[in-house]
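These are my notebook entries on one protein chain. I set down what I looked up, topic by topic.

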Amino acid sequence: MFALVIILIVSPLLILKDAEFGGADGQAEEVIAEINPDYEPWFSPIIEPASGEIESLLFSIQAAIGAGVIGYFLGYGKGKKATTSHM
C-alpha cells in the first residue's frame, strides 16, 4: 500500500516534467479575466505570501489543523459514548 502511494505521488512528477502545478485559485482568476476583463475583486489579502510554496504550506497547515479538530471531536464523542454505555 505504501509503495502504491509513493508511485502515485512520484509518477506525475516524472511524466509531466515541465508542467506547472498551479492551484485552482490561479485558474479561476484567469477564467474570470477572460469572461469579464473589467472585474474588480471585492477585497485584497491582508498578507500576501512571498511564494506559491509558502502559500501551499499555509494551506496545508490550515487543512491539518481542521482535520485534527474534526478528528478530536469525533474521537471524543465516540469515546464518551463508549464509556457511558459500559456504566
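**Entry 1: Overall form**

I read along the sequence and found that the chain follows the pattern α-α-α. In total I recorded three helices and zero strands; helices (H or I, at least four residues) and strands (E, at least two) are DSSP runs, numbered from the N terminus. The model is predicted, so I noted its limits: local features need pLDDT of at least 70, side-chain atom pairs count only at pLDDT 80 or more, and totals for chains, interfaces and linings use all residues. Residues are numbered from 1 along each chain as its sequence is written, and side-chain values use heavy atoms, with hydrogens and water left out.

Next I looked up the radius of gyration, which is taken over C-alpha atoms and compared with a globule rule of 2.2 Å times the number of residues to the power 0.38. For this chain of 87 residues the radius is 21 Å, well over the 12 Å that the rule gives, so the chain is more spread out than a compact globule. Its C-alpha atoms fill a box of roughly 65 × 40 × 25 Å along the principal axes.

I then asked what share of the 87 residues is buried. The answer is 0%, where buried means under 20% relative accessible area, exposed over 50% and partly exposed in between (1.4 Å probe, protein chains only).

**Entry 2: Helix 2**

Helix 2 has twelve residues and reaches 16 Å from its first C-alpha to its last. This is close to the expected 16 Å, the expected span being 1.5 Å times one less than the number of residues. I counted zero buried residues in helix 2, which is hardly covered.

Alanine 33 lies in helix 2 and is partly exposed, at 46% relative accessible area. I also compared alanine 33 with glycine 71: they are 38 residues apart in sequence and 39 Å apart in space, C-alpha to C-alpha.

**Entry 3: Aromatic rings**

How many aromatic pairs does a search of the whole structure find? It finds two; rings of Phe, Tyr and Trp (its six-membered ring) pair if their centres lie within 6.5 Å, and planes under 30 degrees apart count as stacked, over 60 as edge-to-face and the rest as tilted.

The rings of tyrosine 72 and phenylalanine 73 have centres 5.2 Å apart and planes at 80°, so I entered the pair as edge-to-face. Both tyrosine 72 and phenylalanine 73 are exposed. For tyrosine 72 and tyrosine 76 the centres are 6.0 Å apart and the planes at 20°, so this pair is stacked. Tyrosine 72 and tyrosine 76 are separated by about one helical turn, because they are four residues apart in helix 3. Tyrosine 76 is partly exposed, at 46% relative accessibility. Ring pairs thus link Tyr72, Phe73 and Tyr76 into a cluster.

**Entry 4: Pockets**

I looked up pockets on a 1 Å grid over the protein atoms alone: a pocket is an open set of points, where a 1.4 Å probe fits, with protein on both sides within 12 Å along at least five of seven lines, and lining residues have an atom within 4 Å of a point. Grid points are joined across faces, edges and corners, and a volume is the space filled by probe spheres set on the points.

The largest pocket has a volume of about 430 Å³. It is lined by 13 residues, of which Gly22, Gly23, Asp25, Glu55 and Ser56 lie nearest its centre. Helix 3 gives the largest share of this lining, five residues.

The second largest pocket has a volume of about 320 Å³. Its lining includes Asp25, Trp42 and Phe43.
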